[in-house]
Amino acid sequence: MVERGTSIRARVRAELTEEIKKAARAQLAVEGANLSLRAIARELGMASSALYRYFGSRDDLLTALIIDAYNGLGEAAETADAQYRRRSDFAGRWLAVARALRGWALAAPSEYALVLGSPVPGYRAPLDTTAPASRTPYVLVGIVGEARDAGRLAPVTEPPLPAPLRSELADVARRVETDLDEHLLARTLLAWSQLYGAISFELFGQLNSLIDRRAEWFDFQARSMAGQIGLS
């Protein structure tokens, strides 16, 4: 009997937590990251003191939204790659993941902006966000690693890496648990940053009055990124 009661309370708490986050996302779309827990409580018909039992501060709520956003991006990337049937078509897998990330961002622009837009003043992300934030790059690094192992990376011309940068990249490789060499990891990180840059450029209106065929332009960029890595 106690277990059943505990389960019901846990379920109610989980449901209300999701309602709070849903209201926060709606506020995020209008006000940006300047969240007000009091306004969210009013929206839900709750007392502010009750809401603070679920999220102790604005930063706690922001962290929950950031984790959800990173997990949303990561799940989109993982699903797109897993569903791509031609596993040896590494450039095709890269493009599929890139398209999935763009699709997620266009469907949830305020959440994308929360994690990949301007930093929130006064907010410092805790370590809880590290694993969710790593999901997307793990997918991209994994595709490149498989292509290398299959002998399917084309040679590319690139400038030499300065020695201090090589040691930094070696440290990055250890932290993300990849055996890509510094040069290949550098090309992958460059393409990854360009990928998010291309999405942000479109999402934040920088293509207005420049490019109308947005999907075709994005595909061209994503294929170019794959090419600079050596995915063919």
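The exercises below, each with a worked solution, deal with a predicted model of a protein.

**Exercise 1. Overall architecture**

Describe the secondary structure of the protein, the extent of its C-alpha trace and the share of its residues that are buried.

Solution. Begin with the secondary structure, which comes to 10 helices and zero strands, so that the order of elements from the N terminus reads α-α-α-α-α-α-α-α-α-α. Next, take the extent of the C-alpha trace, which along its principal axes spans about 60 × 50 × 40 Å. Then turn to burial: of the 232 residues in the protein, 41% are buried. Finally, consider how the chain meets itself, for among contacts between residues at least 6 apart in sequence, 73% join residues at least 24 apart.

**Exercise 2. Surface and charge**

How much area does the protein expose, and what share of it do carbon and sulfur atoms supply? How many positive and negative side chains does the protein have, and how far apart do the centres of the two sets lie?

Solution. The exposed area is about 13100 Å², and carbon and sulfur atoms supply 54% of it. As for charge, there are 28 positive and 28 negative side chains, and the centres of these two sets lie 3 Å apart.

**Exercise 3. The largest pocket**

Work out how much space lies in the largest pocket, and establish which helices supply its lining.

Solution. The space in the largest pocket comes to about 600 Å³. Its lining is made up of 25 residues, and those nearest the pocket centre are Tyr 70, Thr 130, Ala 133, Ser 134 and Trp 192. Assigning the lining to elements, one finds that α4 (58-83), α6 (109-116), α7 (130-149), α8 (163-175) and α9 (182-203) each contribute at least two residues. Of these, α7 gives the largest share, namely six residues.

**Exercise 4. Two buried threonines**

Why do Thr 17 and Thr 129 count as buried, and which residues beyond four places in sequence does each contact?

Solution. Start with Thr 17, which is placed in helix α1 (residues 2-31). Thr 17 counts as buried because its relative accessibility is 18%, and the cut-off for burial is under 20%. Once neighbours within four places in sequence are left aside, Thr 17 is in contact with Tyr 54 and Phe 55. A further separation can be read for Thr 17 and Ala 64, which are 47 residues apart in sequence, while their C-alpha atoms are 9.9 Å apart in space.

Continue with Thr 129, found in the loop between α6 and α7. Thr 129 also counts as buried, because its relative accessibility is 7%. With neighbours within four places again set aside, the contacts of Thr 129 are Thr 63, Ile 66, Ile 67, Tyr 70 and Tyr 123. One of these, Tyr 70, is also listed among the residues nearest the centre of the largest pocket.

**Exercise 5. Positive phi outside glycine**

For Glu 177 and Ser 209, state the value of phi, and decide whether each residue is buried or exposed.

Solution. Glu 177 lies in the loop between α8 and α9, and although Glu 177 is not a glycine, its phi is positive, at about 60 degrees. Its relative accessible area is 69%, and because the cut-off for exposure is over 50%, Glu 177 is exposed. Ser 209, for its part, lies in the loop between α9 and α10 (214-229). Phi of Ser 209 is near 70 degrees, again a positive value in a residue other than glycine. At 78% relative accessibility, Ser 209 therefore counts as exposed.

Notes. Residues numbered from 1 in each chain as written. Predicted model: local features only at pLDDT ≥ 70, side-chain atom pairs only at ≥ 80, totals over all residues. Heavy atoms only, no water. Helix = DSSP H or I, 4+ residues; strand = E, 2+ residues; numbered from the N terminus. Buried < 20%, exposed > 50% of the residue type's maximum accessible area, 1.4 Å probe, protein only. Contact = heavy atoms within 4.5 Å. Areas by Shrake-Rupley, 256 points an atom, 1.4 Å probe, with all protein chains shown as cover. Lys, Arg positive; Asp, Glu negative; His and termini not counted. Charge placed at Lys NZ, Arg CZ, Asp CG, Glu CD. 1 Å grid on protein atoms, 1.4 Å probe; cavity = no way out; pocket = protein on both sides within 12 Å on 5 of 7 lines; lining within 4 Å. Points joined across faces, edges and corners; volume = space filled by probe spheres on them.
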